[in-house]
Structures are given as C-alpha cells and as structure tokens.
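Me: I am new to this structure. Please take a close look at one part of it, namely any bonding between sulfur atoms, and then place that part within the rest of the chain.

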Amino acid sequence: QMQLVESGGGLVQAGDSLRLSCAVVGHRNSDYAMGWFRQAPGKEREFVGGIGWSAGTQKYADDMKGRCTISRDNTNNTGTLQMNSLKPEDTDDYYCEGDPIPRHATVGVEAAWRYVYWGQGIQVTVTS
C-alpha cells in the first residue's frame, strides 16, 4: 500500500521560496500520478499542481503558474513542490497525494477524486 510523507513546510515571509518534498513508500515503480493540494480549515481542498505517471505531464493551478514547479525523482521515489514568490494567501496545509490506479492513467492530474492515497499534510505559513 502506498504511503506518502510530506516534509519541508514552515514559516516564511512573503516573497520567499519554499520546497516541499514527498517521499513515496510502499510502491515500487513510478507508475502513479502525484498531486499537490492545499486546504485551510473550513475550506475546500484546492489543487496546486500535479505530475502524471513516470516523467508525466505537469499541470498547475492558475494562481500557481509561474510560481511553482513540480518534479519527481523516480529513482528515489520522491516528489518535490518548489514554490516561489510566496504570498500570505498561500498559507495552508499542503498535501501530497498519489494515484497508482492504471485505469486513471489518462485522467487529468487536477482531478481530486482520482487520488486514493495522501500524506498527513504539512503546514505552510506565509507572513506579510
């Protein structure tokens, strides 16, 4: 069973950069999509960006385009969300999510319903 563990969150100032990492455990190959979502208390989960199977197609939320980059290291089974020019409104809990289901291979990485495994979440706080 796939497990995902986020790391790298914290407190930063507006304009700073932050890199979140996601370690994938229990899945032996790169045949899965990885999505990054964020959620504030009382709000809906929001797509940040995602990357498809293996080298995969990348896609980003409109307000994150140009400010973040998602990558994956298939050798070490990790994923990275690099966020730049952070704003106070980026303050949220961020979640790494995985989808290894083969029939989902053509589903867009922004589709929240496809992800069946997710990490415990990590807090990102951006001060003004």
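Reply: What follows starts with the cysteines, moves to the fold around them, and ends with some loop residues.

The model is predicted. Its number of disulfides is one. The partners are cysteine 22 and cysteine 96, whose sulfur atoms are 2.0 Å apart. A pair of cysteine sulfur atoms is taken as a disulfide when they lie within 2.5 Å, and the distance of 2.0 Å between cysteine 22 and cysteine 96 meets that cut-off. The angle about the S-S bond is -75°, and the link of cysteine 22 and cysteine 96 is left-handed.

Each partner sits in a strand: cysteine 22 belongs to β3, residues 18–25, and cysteine 96 belongs to β9, residues 92–99, so the bond ties together parts that are 74 residues apart in sequence. Are these two cysteines buried or exposed? Cysteine 22 has a relative accessibility of 1% and therefore counts as buried. Cysteine 96 has 0% and counts as buried too. The cut-off for that word is under 20% relative accessible area.

Another cysteine needs a separate account. Why is cysteine 68 not bonded to cysteine 96? The closest cysteine sulfur to that of cysteine 68 is the one in cysteine 96, and because the gap is 13 Å, it is too far for a bond. Cysteine 68 is also buried, at 6% relative accessibility. Cysteine 68 therefore combines a buried position with a sulfur that is too far from the closest cysteine sulfur to bond.

Now the fold around the bond. The protein has eleven strands and zero helices. Read from the N terminus, its elements run β-β-β-β-β-β-β-β-β-β-β. Strands β3 and β9, which hold the bonded cysteines, belong to this series. Contacts in the protein also join parts of the chain that are apart in sequence: among contacts with a separation of 6 or more, 58% are between residues 24 or more positions apart. The link between cysteine 22 and cysteine 96 spans 74 residues in sequence.

For overall dimensions, a compact globule of 128 residues would have a radius of gyration near 14 Å, and the protein agrees because it has 14 Å. The C-alpha trace spans about 45 × 25 × 25 Å along its principal axes. Of the 128 residues, 45% are buried. The accessible surface is about 6,600 Å², and 47% of this belongs to carbon and sulfur atoms. As for charge, there are 12 positive and 15 negative side chains, with the centres of the two sets 4 Å apart.

Some loops are worth a look as well. The loop between β7 (68–73) and β8 (78–83) includes asparagine 77. Which sign does phi of asparagine 77 have? Phi is near 55°, a positive value in a residue other than glycine. Most residues other than glycine have a negative phi. Asparagine 77 counts as buried, at 10% relative accessibility. Asparagine 74 is in the loop between β7 and β8 too, but at 32% relative accessibility asparagine 74 counts as partly exposed. Its C-alpha atom is 35 Å from that of glycine 42, with their positions 32 residues apart along the chain.

The loop between β8 and β9 leads to the strand of cysteine 96 and holds serine 85. Phi of serine 85 is near 50°, again positive in a residue other than glycine. At 43% relative accessibility, serine 85 is partly exposed.

On the other side of β9, the loop between β9 and β10 (117–118) contains proline 102. Proline 102 is exposed, with 60% relative accessibility, and its C-alpha atom lies 34 Å from that of serine 17, which is 85 residues away in sequence. Glycine 108 is in the loop between β9 and β10 as well and is partly exposed at 29%. From C-alpha to C-alpha, glycine 108 and serine 85 are 26 Å apart, for 23 residues in sequence.

Finally, aspartate 63 is placed in the loop between β6 (58–60) and β7. Aspartate 63 is partly exposed, with 38% relative accessible area. Leaving out residues up to four places away in sequence, aspartate 63 touches Arg38 and Glu46.

Technical notes
Residues are numbered from 1 along each chain as its sequence is written. This is a predicted model: local features need pLDDT of at least 70, side-chain atom pairs count only at pLDDT 80 or more; totals for chains, interfaces and linings use all residues. Side-chain values use heavy atoms; hydrogens and water are left out. Helices (H or I, at least four residues) and strands (E, at least two) are DSSP runs, numbered from the N terminus. Buried means under 20% relative accessible area, exposed over 50%, partly exposed in between (1.4 Å probe, protein chains only). The radius of gyration is taken over C-alpha atoms; the globule rule is 2.2 Å times the number of residues to the power 0.38. Contact means heavy atoms within 4.5 Å. Accessible areas come from the Shrake-Rupley method with a 1.4 Å probe; for residues, only the protein chains shown count as cover. Lys and Arg count as positive and Asp and Glu as negative; His and the chain ends are not counted. The place of a charge is taken as NZ of Lys, CZ of Arg, CG of Asp or CD of Glu.
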